[in-house]
Amino acid sequence: MSNNPDQNTQVSAEVEGGLPAPTDAPPERPGEGPEPTVHLAELLKEAENEAARLKDAWDRVIAEPENVRKQAQNDLAKAHKYAIERFAQDLLTVKDALELSLATPNATIEALKDGVELTLKNLNAAFDKARIVEIDPTGEKYDRHRHQAMTMIESAEPAGTVVQVFQKGYLLNDRVLRPALVAVAKAKDGSA
């Protein structure tokens, strides 16, 4: 028993009368818990939240490959657009050297020749960086994949040998950028 007289009276009444004390909640029926609609509403709200979370996750999973595809397209477009950027930067020194040679007032032939040699050196360095290689096939067997025959001439060389190069060819990473224009030795009897 407590020191509170009101509480003591209530407890005494319960003990004496054997009656349960009144409560604010409605009496429960046997086997029944709290109001079933409250419980179902909570379950429904949890299910809706879970469905929303799963839908969001699904949308992200679906969107990810599309985002990767778009990024790859953008990267590819930039690669095509700026593929020659490094080579172009190397060519700028060649252009600068040419302009400097032409801008020199009263340049002597020797000074112009030195300027052209320097420019050619810069151009060769740019070609080396870009892996552009000359095709100079003099004395080699004619290769239709790397050479373009302009004419056939009689020569002491064996038939089908490149005897003269009119214009050098170039390879870019082992791929023909421009075939060499050549003259090929023909057989002594007139057939190649």
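**Exercise 1. Determine what the buried residues of helix α3 pack against, and on which face of the helix they lie.**

Solution. Begin with the packing: the buried residues of α3 pack against α4, where contact means heavy atoms within 4.5 Å, and where helices (H or I, at least four residues) and strands (E, at least two) are DSSP runs numbered from the N terminus. The model is a predicted one, in which local features need pLDDT of at least 70 and side-chain atom pairs count only at pLDDT 80 or more, while totals for chains, interfaces and linings use all residues. Residues are numbered from 1 along each chain as its sequence is written, and side-chain values use heavy atoms, with hydrogens and water left out.

Next, list the residues: Asp 90, Val 94, Ala 97 and Ser 101 are the buried residues of α3, buried being under 20% relative accessible area, exposed over 50% and partly exposed in between, with a 1.4 Å probe and protein chains only. Seen down the axis of α3, these buried residues fall within an arc of 55 degrees, so they line one face of the helix; the arc is that of the directions from the helix axis to the C-beta atoms. An α-helix has 3.6 residues a turn, so residues three or four places apart point the same way. On the other side of α3, Leu 100, Leu 102 and Ala 103 are exposed.

**Exercise 2. Describe the aromatic pair formed by Phe 127 and Tyr 170, and explain why it ties together parts that are apart in sequence.**

Solution. The structure holds two aromatic pairs, and the one formed by Phe 127 and Tyr 170 is edge-to-face, with 5.8 Å centre to centre and 80 degrees between the planes. Rings of Phe, Tyr and Trp (its six-membered ring) pair if their centres lie within 6.5 Å, and planes under 30 degrees apart count as stacked, over 60 as edge-to-face and the rest as tilted. Phe 127 lies in helix α4 (residues 109–130) and Tyr 170 in strand β4 (residues 169–172), so the pair ties together parts that are 43 residues apart in sequence. Phe 127 is buried, with a relative accessible area of 18%, and Tyr 170 is likewise buried, with a relative accessible area of 18%. Finally, ring pairs link Phe 87, Phe 127 and Tyr 170 into a cluster.

**Exercise 3. Work out which strands stand at the edges of the sheet with the order β2-β6-β3.**

Solution. This open sheet of three strands has mixed pairing, and two strands pair if DSSP finds at least two bridges between them. β2 (147–154) and β3 (162–167) stand at the edges, each with a single partner strand, so one side of each is left without a neighbour in the sheet.
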